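Colleague: I have not looked at this one before. Can you walk me through it?
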Amino acid sequence: MPKTSAANTPFHIVFGGDAYLNEQMVRDQCSAAQRRYPDAELIELDAAGADHYAFDEAVSPSLLSDRAIVKIVNLQGADEGLGDAMVDYCRQSCRNPADSSIVICQHEGGVKGKRLVDRLTKAGADKQVVPDLKKADAKLNFVMQCFERRNRRVEPMAAQQLVAVLGEKTGELAAMVSQLCFDFDDDPMGLDRVNQYLTSNPQVTGFSVADQAMAGRSADAIIAMRSAVEQGIDPIALIGALAMKLRTLAKASAVRAGTISQAEAKTNPWVLKNATRQLPGWTSAGLGRCIQMLAWADEQSKTNGGDPVYALERSIELISQKGRIG
């Protein structure tokens, strides 16, 4: 049979990748189908609980509309009966797309349900694989694309800051870009604007405290730390950000010494380059002492009767001295 183009096929599969991007692609495809067929009824099914009868009813003409847009989540949970019904419908609808209901399936990725995905693809379904955004460069490209979709630009350091703070939360990352573009006309969007919106984030505050400590500005770092704690930021969050900075510094030192490769460091090249600039004056022993001090501060923050603020002050003082004692 002639192959239906991806744009016209009535059966779609959104497969794997980053969970937020996966859901966004499903939403976008449903919205596009609704714009194309404004009279079509939107029906949602969960493959983990639906059977082939529910599917057959969903794709069949009803009193309200001759065509439906059927959104199916958790495709990986479909049983054999539902899977067979979907394959039969996929094959039939791809032969006659003009009069068929639109089916948009969401699969979380992995091997479960992969055989059904392969059968549907072979029957004519359009499969779109979602990026996973696991690598730092992929996250950075995602931020750039978020700005580009709004016809805006972002400075590299501002994009890096967004990724450093929100890189593990794709939804929040996208929402932050949207909010920045809505509130400010800056083009390109700069680091100051980004930090202006991230000042309440404990990770940003921790990075700022660590940067001041590493620059030898012990008093400024301690003032910033106390202010953050007074505003309700948990000391453990600040300790985590300080520890992350020191771990990156340790990786940069290992890369420079040839102990590990840049790829083995598994750190964004831009972040690694910045850490390398901060290495002069540091020794392995000094770095080790600072990491041990932070481990003690972490223990203090989790122990009843401990004084995490005092422990943080001691840690900041030691970091500002590059781990040197006396």
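Colleague: Let's start with helix packing. What is the handedness of the crossing where H6 passes H8?
Modeller: This is a predicted model, to begin with. In it, the crossing of H6 past H8 is right-handed.
Colleague: How are the axes of H6 and H8 placed, and at what angle do they cross?
Modeller: The two axes come within 8 Å, and the crossing angle is roughly 25°. Angles under 35 degrees count as roughly parallel, so H6 is roughly parallel to H8.
Colleague: Which residues make that contact?
Modeller: From H6 there are Met157, Ala158, Gln161, Leu162, Val165 and Leu166. H8 brings Leu191, Val194, Asn195 and Leu198.
Colleague: And how do those residues of H6 and H8 divide, nonpolar, polar or charged?
Modeller: Eight are nonpolar and two are polar, with no charged residues in the contact of H6 with H8.
Colleague: What about H7, at what angle does H6 pack with that helix?
Modeller: H7 covers residues 170-183, and H6 and H7 pack at about 145° with axes 9 Å apart. The crossing of H6 and H7 is right-handed. On the H6 side the contact has Leu162, Val163 and Leu166, and on the H7 side Thr170, Glu172, Leu173, Met176, Val177 and Leu180. By class, that contact has seven nonpolar residues, one polar and one charged.
Colleague: Now the loop between H7 and H8. Which proline lies there?
Modeller: Pro188 lies in that loop. The peptide bond leading from Asp187 into Pro188 is cis, and its omega is near 10°.
Colleague: Why point that out?
Modeller: Because most peptide bonds are trans.
Colleague: Where is Asn74, and what is its phi?
Modeller: Asn74 sits in the loop between strand E3 (68-73) and helix H3 (80-95). Its phi is near 55°, which is positive although the residue is not a glycine. Most residues other than glycine have a negative phi.
Colleague: Changing topic, pockets. What volume does the largest pocket have?
Modeller: The largest pocket has a volume of about 1300 Å³. It is lined by 40 residues, and the closest to its centre are Ala164, Phe207, Met244, Thr248 and Val271.
Colleague: Which elements give two or more residues to that lining?
Modeller: They are helices H5 (136-148), H6 (156-166), H8 (191-198), H9 (202-214), H11 (235-257), H12 (262-265) and H13 (269-277).
Colleague: How does the lining of the largest pocket split by class?
Modeller: The lining has 15 nonpolar, 13 polar and twelve charged residues.

Terms used. Residues numbered from 1 in each chain as written. Predicted model: local features only at pLDDT ≥ 70, side-chain atom pairs only at ≥ 80, totals over all residues. Heavy atoms only, no water. 1 Å grid on protein atoms, 1.4 Å probe; cavity = no way out; pocket = protein on both sides within 12 Å on 5 of 7 lines; lining within 4 Å. Points joined across faces, edges and corners; volume = space filled by probe spheres on them. Helix = DSSP H or I, 4+ residues; strand = E, 2+ residues; numbered from the N terminus. Nonpolar A, V, L, I, M, F, W, Y, C, P; charged D, E, K, R; others polar. Axes fitted to C-alpha atoms, helices over the stretch in contact; angles between N-to-C directions. Parallel < 35°, antiparallel > 145°, perpendicular 65-115°, else oblique. Left-handed = near helix turned anticlockwise from the far one by under 90°. Contact = heavy atoms within 4.5 Å.
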